[in-house]
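Here's a quick walk through the fold below, from long-range contacts down to a few individual side chains. Have a look at the structure first.

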Amino acid sequence: MTSSRRQFLQVASTGAIAAALGSADVPTLGMIFPPANYPVPAEATLLYPSGIRFLAEGVGLQKMTADEYDRVFGRILPAAEKLAKQGSNAISVMGTSLTFYKGAEFEHQLKVNVTKATGLPSTTMSTGIVEGLKALNARKIAVATAYDEDVSHRLKVFLEESGFEVVSVKGLGIVSFQDRGPVTPDELLNFSAGVYEGAPKAEALVISCGALKTLDLIVPIEQRCKRPVVSSTPHALWASVRLLGLSGQAKGYGTVLAKG
C-alpha cells in the first residue's frame, strides 16, 4: 500500500472525506502549480474527461532554481487551504522539482503537512513518478529532465532515496521557460528517446518537469525504445485521481495509465 493510499484511508476513517464528498456533485481534485495563475492543464481533461472536477491554484514560481523554490515554498499550505475551502476532496502539489528539490523525506513531510492543514489526502508530482515506477516494478531508470545540472542532480538524489538506481540523467538546461521558449514535441521526443537509448540497462524512462508536454509522446517513445515511460504531469494526474477512490486508468497513453 502506498503512503498516499494510507493517507486516504487514515483521513477517510475520521469521516472527513465522506463529509467532503457529500458536499460536491463529483469528486474534486485541488491542484497546486508552481507558476502563478496556472490553468487546469489540458492533460487533466484529456485523461479524465468526465466524473472529476479539477481546481487549480498557483504559487508564483518564476525560475527552476533552489533559491526560487525556497522563495515560494511557504505559499503551498495557504494554497492547499484555499483549495480545500473551494470543495476539494484531495490535494496534489503539481510541481516535480518544487517537491523533490530537498529530498525524499522533505517531500514526504510536505504531504503530511498538507494533509494536516486541510484534513484531506495529498500527493505530489514527485510521488506520481515514484508510484508510476513502482507500478512497473522498475528499479534501474534513465531520466530526461527540463532542468539545469543542479536541479537534475537533486532529482537523481530524490529517486535514489526513493529506492531506484539512476543509470543516466540528462537535462535540457532550462531555468526559465520565459527565457528559453517552449520545447517542441519533436525536440522533446528525440531528446527523451536519446537519453533512453543511451542507457541500455534502464528498465524505464522518467521524463521530469510538469511544463513539458509529454502526454502524446509516451506511446511513441515506448514504441521506439521498447520500454515503458513515466512522466510528470500524466502520472501525477494518475496518482492524484486515485486519491479520490478512482482507478486512474486511461487507455492509449502508455503502459502505466493503461493498467490503472
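Let's start with how the chain meets itself: among contacts between residues at least 6 apart in sequence, 74% join residues at least 24 apart. Keep in mind that this is a predicted model.

**Overall build**

The protein has 14 helices and 8 strands. Its radius of gyration is 17 Å, close to the 18 Å that the globule rule gives for 260 residues, so the protein is as compact as a globular protein of that length. If you want a box for the C-alpha atoms, roughly 50 × 40 × 30 Å along the principal axes will do.

As for the inside, buried residues account for 54% of the 260 residues. On the outside, the protein exposes about 10900 Å², and carbon and sulfur atoms supply 51% of that. Charge-wise, there are 26 positive and 23 negative side chains, with the centres of the two sets 5 Å apart.

**Aromatic rings**

How many aromatic pairs are there? The count comes to 7 aromatic pairs. One of them is Tyr-101 with Phe-106, an edge-to-face pair with 6.0 Å centre to centre and 80° between the planes. The angle is over 60 degrees, which is why this pair goes down as edge-to-face.

The two partners sit in different accessibility classes, and the cut-off for buried is under 20% relative accessible area. Tyr-101 counts as buried because its relative accessibility is 3%, while Phe-106, at 27%, counts as partly exposed. Both rings also belong to a wider group: ring pairs link Tyr-69, Phe-73, Tyr-101 and Phe-106 into a cluster.

**Around Glu-68**

Glu-68 is placed in helix H4, which covers residues 66-73. Is this residue buried or exposed? Glu-68 is buried, because its relative accessible area is 11%. Setting aside neighbours within four places in sequence, Glu-68 is in contact with Gly-60, Leu-61, Gln-62 and Lys-63. Looking further along the chain, Glu-68 and Leu-98 are 30 residues apart in sequence, and their C-alpha atoms are 9.1 Å apart in space.

Here are the accessibility values for the residues discussed above, side by side.

| Residue | Relative accessibility | Class |
|---|---|---|
| Tyr-101 | 3% | buried |
| Glu-68 | 11% | buried |
| Phe-106 | 27% | partly exposed |

Terms used:
Residues numbered from 1 in each chain as written. Predicted model: local features only at pLDDT ≥ 70, side-chain atom pairs only at ≥ 80, totals over all residues. Heavy atoms only, no water. Phe/Tyr/Trp six-rings, centres within 6.5 Å; stacked < 30°, edge-to-face > 60°. Buried < 20%, exposed > 50% of the residue type's maximum accessible area, 1.4 Å probe, protein only. Helix = DSSP H or I, 4+ residues; strand = E, 2+ residues; numbered from the N terminus. Rg over C-alpha atoms; globule rule 2.2 N^0.38 Å. Contact = heavy atoms within 4.5 Å. Areas by Shrake-Rupley, 256 points an atom, 1.4 Å probe, with all protein chains shown as cover. Lys, Arg positive; Asp, Glu negative; His and termini not counted. Charge placed at Lys NZ, Arg CZ, Asp CG, Glu CD.
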